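Thank you all for making the time this morning. I would like to walk you through one model, and I will begin with a term that we need before looking at any side chain.

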Amino acid sequence: AGDVLLAQVAGYLQRYTRSGDFVARLGGEEFVVLLPGTRIDDAMRIADKLRALIAAASFDYEGQSHAISLSCGIAAVAADDTADSLYKRADEALYAAKDAGRNRCIAA
């Protein structure tokens, strides 16, 4: 059931992001969404919209509906960033969102 639900979440992320955005599963239940050319405050609005859509959606498996929440960690690229440092900031923000009670978005 987990794989089916993850595929449904991925479909939502793809459907409700812009054509130039990039959505990928990192592993487990984590996804990355890259929003090129997007300011951090706009990225927060987009992430919160995705969070609300996912929370309001009905995800079905074998006739049973499952509620899913979305926690987001958001980071903007800084001039001296590497891929690792950007990922680390986003990951820390994600864990802050989870620690704060889940189903929320936090920016690094």
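By a polar contact I mean a pair of N or O atoms within 3.5 Å, where, within protein, one atom must be able to donate a hydrogen and the other to accept it. Please keep in mind throughout that this is a predicted model.

With that term in hand, let us turn to Asp 81, which sits in the loop between strand 5 and helix 3. A polar atom of the Asp 81 side chain lies 2.7 Å from the backbone nitrogen of Ala 78, and a polar contact of 2.6 Å joins the side chain of Asp 81 to that of Ser 85. Is Asp 81 buried or exposed? Its relative accessibility is 18%, so Asp 81 counts as buried, given that the cut-off for buried is under 20%. If we leave aside the neighbours within four places in sequence, Asp 81 is in contact with Ala 76, Leu 86 and Arg 89.

That brings us to helix 3 itself. The 17 residues of this helix, 83-99, should span 24 Å at 1.5 Å a residue, and the end C-alpha atoms are indeed 24 Å apart, which agrees. Buried in helix 3 are Ala 90, Ala 93, Leu 94, Ala 97 and Lys 98. Seen down the helix axis, the buried residues of helix 3 fall within an arc of 145°, so they line one face. An α-helix has 3.6 residues a turn, so residues three or four places apart point the same way. The face turned away from the buried side of helix 3 carries the exposed residues Asp 84, Lys 88 and Asp 99, whereas the buried residues pack against strand 2 (30-34), strand 5 (72-74) and strand 6 (105-107).

Following the chain onward, we find Gly 101 just after helix 3, with a positive phi of about 120°. In the loop between helix 3 and strand 6 we also meet Arg 102, whose phi is near 65°, a positive value in a residue other than glycine. Asn 103 belongs to the loop between helix 3 and strand 6 as well, and its phi, near 55°, is likewise positive.

Finally, the largest pocket has a volume of about 1100 Å³. Its lining comprises 36 residues, of which Phe 31, Val 32, Val 33, Cys 72 and Gly 73 lie nearest its centre. Which element gives the most to that lining? It is helix 3, with six residues.

Key. Residues numbered from 1 in each chain as written. Predicted model: local features only at pLDDT ≥ 70, side-chain atom pairs only at ≥ 80, totals over all residues. Heavy atoms only, no water. Helix = DSSP H or I, 4+ residues; strand = E, 2+ residues; numbered from the N terminus. Expected span 1.5 Å × (residues − 1). Buried < 20%, exposed > 50% of the residue type's maximum accessible area, 1.4 Å probe, protein only. Arc of directions from axis to C-beta. Contact = heavy atoms within 4.5 Å. 1 Å grid on protein atoms, 1.4 Å probe; cavity = no way out; pocket = protein on both sides within 12 Å on 5 of 7 lines; lining within 4 Å. Points joined across faces, edges and corners; volume = space filled by probe spheres on them.
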